[in-house]
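Here is a quick tour of a two-chain model for someone who would rather be at the bench. Have a look at the structure first, and then we'll walk through it.

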Amino acid sequence: MTKDEHEQSGKSIKIKATDISVAYGDFVLLENASFEVKERDIFIIMGGSGCGKSSLLRCLTGLMPPATGSIEISGVDFTAADPLSRNKIMQKCGILYQGGALFSSMTLAENIALPLEQYSHYSKKMIAELVSLKLALVGLAGFEDFYPSEISGGMKKRAGLARALALDPDILYCDEPSAGLDPISSKLLDDLIMELNQSLGTTFVIVTHELASIFTIGTNSIFLDAETKRIMGKGNPQDLLKNPPNDAVFNFLTRGKDENA
Amino acid sequence: MQFERTAENNKVTITLRGDYIACNNAPSPAHFIADLKKENINKVVFSTKELGAWDSSLVVFLFYLAKLGNAADIDINLKTLPKNLERLINLALKVDRKPQSKHLSRLPFLESLGEHTLVIIEASLKSIRFVKGILKSFVRFCKSKAIMRKVDFLFALEDCTYKAVGIVSLVSFMVGLILAFVGAIQLKAFGAQIYVASLVAIGMLRIMGAIMMGIIMAGRTGASYAATIGTMQVNEEIDALKTMGIPISDFLVIPRITSLIIAMPFLTILADIMGILGGAAVGITILGISPQEYWQYTRDALAFNDFFVGLFYSIVYGFIIAACGCYYGINCGRDADSVGIATTRAVVSAIVWMIVATGILTVIFEVLGI
């Protein structure tokens with residue numbers, strides 16, 4: 001991230017999905033989804049349960065191939081890339097899993113050091129310092145020697161975020177970051193995501209259906225609909241609330257206000 | 001990367017020039033702060049007009065500089081950094097929650113011995129309570145009052161019966177074969193190779209069939225019980241059963257124990273047959289014994305008490321394997337690692353208890369003259 005890049009007003013496209021379909025065998029979850037994620041966006045993938053949010057995230061992170069369509073990451077065709085190139089692309093992407101996905105047999109420091117030892121050329125001392133920095137960034141300074149089983153759910157997510165940040169990713173994917181957190185921890189995590197987005201310039205792609213988070217942190221979004229299996233709304237979540245393109249988006253963003261009125 | 005410092009009037013200016021990407025050779029913040037202290041400098045500012053691209057390697061230097069500077073009462077002026085860098089360092093310096101210190105100190109020998117003794121006593125009591133729970137559940141099961149699903153019992157039975165036939169047949173055949181080979185080496189010296197048939201028949205029927213079966217089933221089914229129930233513990237399914245008031249020994253343990261106790265004798269009979277066939281393969285093809293002769297000596301060596309002793313062993317082993325698998329599964333921790341530990345412990349302890357039980361039962365049978 002250069003200073004010039006940070007200061008430039010025009011944003012480049014980080015992720016470009018074209019006509020993506022997500023399916024498990026014959027069971028289609030999502031059809032012909034096309035969207036773009038711009039640099040430094042906090043891009044929200046939202047929708048009701050079972051609409052394919054997490055499956056779409058699995059496609060974006062290379063954990064499953066899309067049934068059709070292509071995904072470009074930083075201008076490189078991710079879906080057509082060979083495993084080596086794909087691995088290189090993924091080194092510039094961090095992933096925060098729903099439960100943190102920390103390795104239970106490793107301390108927090110070892111968890112965060114793992115990608116650094118694997119993919120960087122830093123000295124051991126430098127790696128230890130970087131680990132402490134990453135933990136300090138997520139508010140877990142001093143927790144280096146703790147095991148995942150010794151910390152709370154919210155702290156596990158923060159530690160997961162620290163591990164996802166280890167290699168200074170350009171893109172950070174988050175799967176339901178607020179799930180299972182109390183409102184205060186959830187807000188703190190949202191604040192942290194915004195702070196990291198603004199200070200590091202990291203692009204965030206977040207799968208969530210937490211309305212408070214969507215409106216607080218989202219700069220751009222897509223709304224997936226389980227019934228039509230398509231993207232039913234695109235844009236800034238606040239704008240979508242003001243001008244909902246259809247009832248599905250309106251109902252979702254207002255928690256079905258019209259039906260209960 | 002270029003790093004310069006210029007000092008004037010108790011103030012140092014650090015000029016950051018060029019790119020700071022994967023920078024492994026930044027100056028040590030600790031040495032830097034120590035030098036400033038020596039020179040009585042109490043303020044640090046930054047000049048970043050020519051700063052290019054940067055990553056965490058620069059942030060880590062600035063973070064430690066700010067942290068150590070604050071501790072040494074040196075004013076590190078972060079406001080002179082680019083806005084995003086300043087925010088990042090401030091974010092890292094903000095400590096939300098301080099961890100409680102972990103107790104890593106070693107206990108004195110006697111205290112440690114006492115603690116270990118208490119742990120062993122507690123574990124023994126826990127095992128006794130577990131076996132007591134199984135016996136109570138078994139009584140309820142016999143009265144058809146145990147809370148369990150028939151499908152779970154049938155599923156467990158299916159898993160430890162016909163699905164195990166392949167591995168049991170193969171291993172037992174090989175054991176019979178090895179037993180015949182080993183016996184033949186000695187017996188051939190006396191021209192008594194015909195007694196290979198008797199050796200294999202008695203060996204397999206009385207103990208080898210059952211013990212091999214026990215080892216196979218401990219590795220196959222006992223491990224599977226510990227892993228399945230351990231994963232249920234991780235997923236809080238066992239907590240759900242407890243809060244529903246369903247006895248876990250009824251619901252999880254009894255279907256597994258009964259199915260293994262039922263399956264083991266049948267598998268042992270299969271193992272006996274396969275072992276005898278393995279011995280016959282060596283006797284007939286290598287030692288040149290005719291099939292009729294081999295069968296005759298095998299039949300002469302077969303005794304009902306050997307057969308029933310073998311079956312009794314297998315029932316005891318079935319109980320031990322299932323009980324160990326379920327016990328370690330239920331007492332598994334809450335993470336992925338614990339499931340692996342539970343599985344290992346289940347297999348190891350099942351084999352150890354099987355050997356202990358074999359020793360005790362052998363003495364009893366000897367005393368009783370069976």
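Which residue follows helix 12 of chain B, and what is the sign of its phi? It's B:G369, with a positive phi near 75 degrees.

Before going further, some ground rules. This is a predicted model, so local features need pLDDT of at least 70 and side-chain atom pairs count only at pLDDT 80 or more, while totals for chains, interfaces and linings use all residues. Residues are numbered from 1 along each chain as its sequence is written, and chains are lettered from A and ligands numbered from 1 in the order in which they are written.

**The two chains**

Helices (H or I, at least four residues) and strands (E, at least two) are DSSP runs, numbered from the N terminus. A residue is buried if 20 or more other C-beta atoms lie within 10 Å of its own, exposed if 12 or fewer, and partly exposed in between, with C-beta atoms placed from the backbone. The radius of gyration is taken over C-alpha atoms, and the globule rule is 2.2 Å times the number of residues to the power 0.38.

| Chain | Helices and strands | C-alpha box along the principal axes | Buried |
|---|---|---|---|
| Chain A | 11 helices and 10 strands | roughly 55 × 45 × 40 Å | 46% of 261 residues |
| Chain B | 12 helices and five strands | roughly 110 × 55 × 45 Å | 37% of 370 residues |

Chain A has a radius of gyration of 18 Å, in agreement with the value near 18 Å for a compact globule of 261 residues. Chain B has 35 Å, but a compact globule of 370 residues would be near 21 Å. The domain assignment (bounds come from an automatic or database assignment) splits out domain 1 (2-93) and domain 2 (147-368) in chain B. Their C-alpha centres lie 68 Å apart.

**Helix 12 of chain B**

Back to that helix: it runs over residues 336-368, 33 in total, and reaches 48 Å from first C-alpha to last, close to the 48 Å expected at 1.5 Å a residue. The expected span is 1.5 Å times one less than the number of residues. Its buried residues include B:S338, B:V339, B:A342 and B:M354. Helix 7 (196-234) and helix 11 (304-330) of chain B are among the elements that cover the buried residues of helix 12.

**Where the chains meet**

Two residues are in contact if their C-beta atoms, placed from the backbone, lie within 7 Å. By that rule, 27 residues of chain B are in contact with 30 residues of chain A. On the chain B side, strand 4 (51-54), helix 2 (56-71), helix 3 (83-93) and helix 12 each supply at least two residues.

One residue to click on is A:P148, in the loop between helix 5 (124-137) and helix 6 (153-164) of chain A. Why does A:P148 count as buried? Because A:P148 has 24 C-beta neighbours inside 10 Å. Leaving aside neighbours within four places in sequence, the contacts of A:P148 are A:G100, A:L102, A:S104, A:K156 and B:D335.

**A hairpin in chain A**

Two strands pair if DSSP finds at least two bridges between them. Strand 1 (residues 13-24) and strand 4 (residues 68-73) of chain A run antiparallel, joined by five bridges, and A:K16 stands opposite A:E72. Strand 4 also forms a hairpin with strand 5 of chain A, with two residues between them, and A:S74 in the turn has a positive phi of about 50 degrees.
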